[in-house]
Number of protein chains: 2
Amino acid sequence: MSELSEDDRAAVSDVRSAVMRLSRRLRNQRVDESLSPTEMSVLGTLARCGSATPGELARKEHVQPPSMTRIVAMLEGKGLVRREPHPDDRRQVVVSRTSQAEAMLAESRDRRNAWLAELAEGLTDEERAILRQAAPVLEKLAHL
Amino acid sequence: MSELSEDDRAAVSDVRSAVMRLSRRLRNQRVDESLSPTEMSVLGTLARCGSATPGELARKEHVQPPSMTRIVAMLEGKGLVRREPHPDDRRQVVVSRTSQAEAMLAESRDRRNAWLAELAEGLTDEERAILRQAAPVLEKLAHL
DNA sequence: CGATTGTACTTAGCCAAAGTAATAAGCTAA
DNA sequence: TTAGCTTATTACTTTGGCTAAGTACAATCG
């Protein structure tokens, strides 16, 4: 395995504290009041995967199964997600988005523009470029 | 203000979900069992600033003053922080680290190496370079 | 000088989100 | 067929923020 430089150590330490602060702010300044960031994230995952069982979703989101059960129940209550019996295994459940969820996601994407624009004001073009590069790395880090 | 590209929008959206996932993992996989990431972050801030009042710390960490009061109380209870009266203004309090905190931080830094090394295995040199660049941008984003 | 207004921290109580433990139902393989 | 594993769920707890209200002190205005 590769050795870490002093700079790497400092960077990860900085990323760590920045991530904690950002996560707090994202919780408060969420664009859609009715959906927590995690619920939003689950809808995003479903957008990529099409459909999945609660267990799969829990693993992907790095959340315990009971939490995912709760999140799915919430989303189902809001009509954003459908729970269907698994064709082969009657223990399992298949979760998929409803058309209402797709409409909601589209609208939320629009509303997010205002917030993103405001956020982007504080960054230079160069910084935004760095962020574009960093997004997939953070994504990878989150799944490691 | 500058307009955002489609890529920028996608990047910020990805950063958002990655940050939420990472923050959850950081909460669980913390190196020191007895200290929450926020408490750790406060000690780090104190390491940079030397000493500060609870209000200053709350602003730096983007937390409400009552939360900081509780965090400082917790740290004081563990003997990691000292609360002294402000020399000029008897309303204020000056918080500073104890030598025990410095020892703790040093030990934690050592222990973090194992976790960092494991984490680094999954990243390429290029990705680590991106992370080094991204750290200050995330920091800036968290304070915007 | 005294009253009013403002500031800094604290206390008390609430809430959201995630975790653990225990349960129920269903699959699988000896 | 039964013993043991897996999946989802339910019930309860923990954590870590928040707001509102309270206390003590400072500063300012009449």
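The surface near DNA strand C, where near means that a residue has a heavy atom within 4 Å of the strand, divides into 6 nonpolar, 9 polar and 10 charged residues. In this classification Ala, Val, Leu, Ile, Met, Phe, Trp, Tyr, Cys and Pro count as nonpolar, Asp, Glu, Lys and Arg as charged, and the others, Gly among them, as polar. The model is predicted: local features need pLDDT of at least 70 and side-chain atom pairs count only at pLDDT 80 or more, while totals for chains, interfaces and linings use all residues. Residues are numbered from 1 along each chain as its sequence is written, chains are lettered from A and ligands numbered from 1 in the order in which they are written, and side-chain values use heavy atoms, with hydrogens and water left out.

**DNA strand C**

- Of the 25 residues around DNA strand C, the nearest are A:T38, A:S67, A:R70, A:R90 and B:R83.
- Sugar or phosphate accounts for 62% of the strand C atoms within 4 Å of the protein, and bases for the rest.
- Polar contacts (pairs of N or O atoms within 3.5 Å) to phosphate oxygens of strand C include a polar side-chain atom of B:R24 at 3.4 Å and a backbone N or O atom of B:G55 at 2.9 Å.
- A side-chain N or O atom of B:R91 is 2.9 Å from a base oxygen of strand C.
- The elements giving two or more residues to this surface are α4 of chain A and α1 (6–28), α3 (54–61) and α4 of chain B; helices are DSSP runs of H or I with at least four residues, numbered from the N terminus.

**DNA strand D**

- Of the 26 residues around DNA strand D, A:R83, A:R91, B:T38, B:S67 and B:R70 come nearest.
- Of the strand D atoms within 4 Å of the protein, 65% are in sugar or phosphate and the rest in bases.
- A polar side-chain atom of A:R91 lies 2.7 Å from a base oxygen of strand D.
- Phosphate oxygens of strand D lie 2.9 Å from a backbone N or O atom of B:Q64 and 2.8 Å from a polar side-chain atom of B:S67.
- Two or more residues of the surface near strand D come from each of α3 (54–61) and α4 (65–77) of chain A and α4 (65–77) of chain B.
- By class, this surface has 7 nonpolar, 8 polar and 11 charged residues.

**Helix pairs between the chains**

- The axes of α1(A) and α1(B) come within 9 Å and cross at roughly 115 degrees; axes are lines fitted to C-alpha atoms, for helices over the stretch in contact, and angles run from 0 to 180 degrees between N-to-C directions.
- In α1(A), the residues that meet α1(B) include A:V19, A:L22 and A:L26.
- By class, the contact of α1(A) with α1(B) has 8 nonpolar, 2 polar and 4 charged residues.
- Helix α1 (residues 6–28) of chain A and helix α2 (residues 37–49) of chain B have axes that come within 10 Å and cross at roughly 125 degrees.
- That angle makes α1(A) oblique to α2(B); under 35 degrees counts as roughly parallel, over 145 as roughly antiparallel, 65 to 115 as roughly perpendicular and the rest as oblique.
- The contact, meaning heavy atoms within 4.5 Å, joins A:R16, A:S17, A:M20, A:R21 and A:R24 of α1(A) to B:P37, B:T38, B:M40 and B:S41 of α2(B).

**Helix pair within chain B**

- The axes of α2(B) and α3(B) come within 11 Å and cross at roughly 115 degrees.
- That makes α2(B) roughly perpendicular to α3(B).
- B:S41, B:V42, B:T45, B:L46 and B:C49 of α2(B) are in contact with B:L57, B:K60 and B:E61 of α3(B).

Terms used:
Polar contact = N/O pair within 3.5 Å; in protein donor to acceptor, adjacent residues only side chain to side chain.
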